[in-house]
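Work through the exercises below with the sequence and coordinates open. Each task is followed by a solution in steps.

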Amino acid sequence: MLKIYYLSSEIKPFSDTDQLGSFSKEFSSILKENKDVDIRLIQPKYGFISDRRYILREVIRLKDLSIEFMGKENIINLKSGFIPGTRVQVYFMEHQKYFHDTSELLYKSRNGRVYSNNSERFTFFIKAAIETLQKLYWTPDYIICSDWQMSMAAIIAKNLYKEELKNTKMIHMIHSLNDFYNFDSQIYKNLGIDSGIKGKIQNNLINSISLSDYVYIYNDDDKTCENYINKNKKLKESFKKVKHEFIDYSDSLDVSERIEVYNHILKKLRK
């Protein structure tokens, strides 16, 4: 059985701002059609997500979990549900401070202003999601994390949970490239992680791919991501040091073409 833990800030229809939400839904649904694949998803439980509409249920062993984060104890609760019309299980992480008052824009308030604590709250989500594995008594073969929101996953896994996840491979998926990948170095310091890079800002894109076992970069019709990387010498050099692959992908592709992409990735994961 191939075990996959999929971390995402958005999964359609629960939360959806861009390609990431629809990709998360469709990718996991296609993989789950394979009887030898156990894929479980986890995303934040934003306040606007309705328990009643999506039939979300409490999981007793995942209730009132204490998570230490940056010197403070935090309490989280996880609820469980399924992507409508599928057998894909999704865990929803509740945390009053970081996620309850989030708008449907996810990364911005309703007036369009970017949340100043985005990097902090998604770093918390990742750390808590990894610690949750101990309560699930489940160790995945792969942890898949997407875009800047989950860019601390490989960094946290390889530094703080090296022994627990020694047999787990980290896969980073890139759907977009932007300045949100720049994280405050104070977050690293508070977690007790030394990236080896000095300065007030950490380039989480470079830090993440350097610790990932494989990286997928999704190109739209204009090859936006590939062009961005080719224009950035330091970033381009970083990719040369890690196994990676550019994949032509966008919502404009036919369903059959998108399914080919998902099956291609699954074939790679099975090797």
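The exercises concern a predicted model and cover strand pairing, one helix and two pockets.

**Exercise 1.** Determine in which sense strand S6 pairs with S2 and with S5.

Solution.
- Step 1: Take S2, residues 37-44, against S6, residues 89-94. The two strands pair in the parallel sense, over 5 bridges. In S2's partner S6, the residue opposite Arg40 is Gln89.
- Step 2: Take S5, residues 72-82, against S6. This pairing is antiparallel and has 6 bridges. Here Ser80 stands opposite Tyr91 of S6.
- Step 3: Examine the connection in the hairpin of S5 and S6. There are 6 residues between the strands, and Gly85 has a positive phi near 80°.

**Exercise 2.** Check the length of helix H10 against the expected rise per residue, then find how its buried residues are arranged around the axis.

Solution.
- Step 1: H10 runs over residues 255-270, which is 16 residues; at 1.5 Å a residue the expected span is 22 Å. The expected span uses one less than the number of residues.
- Step 2: The C-alpha atoms at the ends of H10 are 23 Å apart, which agrees with the expected value.
- Step 3: List the residues of H10 under 20% relative accessible area. They are Arg258, Val261, Tyr262, Ile265, Leu266 and Leu269.
- Step 4: Viewed down the axis of H10, these buried residues lie within an arc of 135°, so they line one face of the helix.
- Step 5: Look at the face of H10 turned away from the buried side. Glu260 and Lys267 are exposed there.

**Exercise 3.** Describe the largest pocket by its volume, its lining and the classes of its lining residues.

Solution.
- Step 1: The volume of the largest pocket is about 460 Å³.
- Step 2: Its lining comprises 23 residues, and those nearest the centre are Thr17, Asp18, Asp147, Ser176 and Asn178.
- Step 3: Elements that each supply at least two residues of this lining include helix H1 (19-32), strand S11 (214-219) and helix H8 (224-231).
- Step 4: By class, the lining has 9 nonpolar, 9 polar and 5 charged residues.

**Exercise 4.** Which helix gives the most to the lining of the second largest pocket?

Solution.
- Step 1: The second largest pocket holds about 270 Å³ of space. It is lined by 17 residues, with Ile197, Ile206, Asn207, Ser210 and Ser238 nearest its centre.
- Step 2: Helices H5 (153-160), H7 (204-211) and H9 (233-240) each supply at least two lining residues.
- Step 3: H7 gives the most, with 5 residues.
- Step 4: The lining of this pocket divides into 8 nonpolar, 5 polar and 4 charged residues.

Technical notes: Residues numbered from 1 in each chain as written. Predicted model: local features only at pLDDT ≥ 70, side-chain atom pairs only at ≥ 80, totals over all residues. Heavy atoms only, no water. Pairing = 2+ DSSP bridges. Helix = DSSP H or I, 4+ residues; strand = E, 2+ residues; numbered from the N terminus. Buried < 20%, exposed > 50% of the residue type's maximum accessible area, 1.4 Å probe, protein only. Arc of directions from axis to C-beta. 1 Å grid on protein atoms, 1.4 Å probe; cavity = no way out; pocket = protein on both sides within 12 Å on 5 of 7 lines; lining within 4 Å. Points joined across faces, edges and corners; volume = space filled by probe spheres on them. Nonpolar A, V, L, I, M, F, W, Y, C, P; charged D, E, K, R; others polar.
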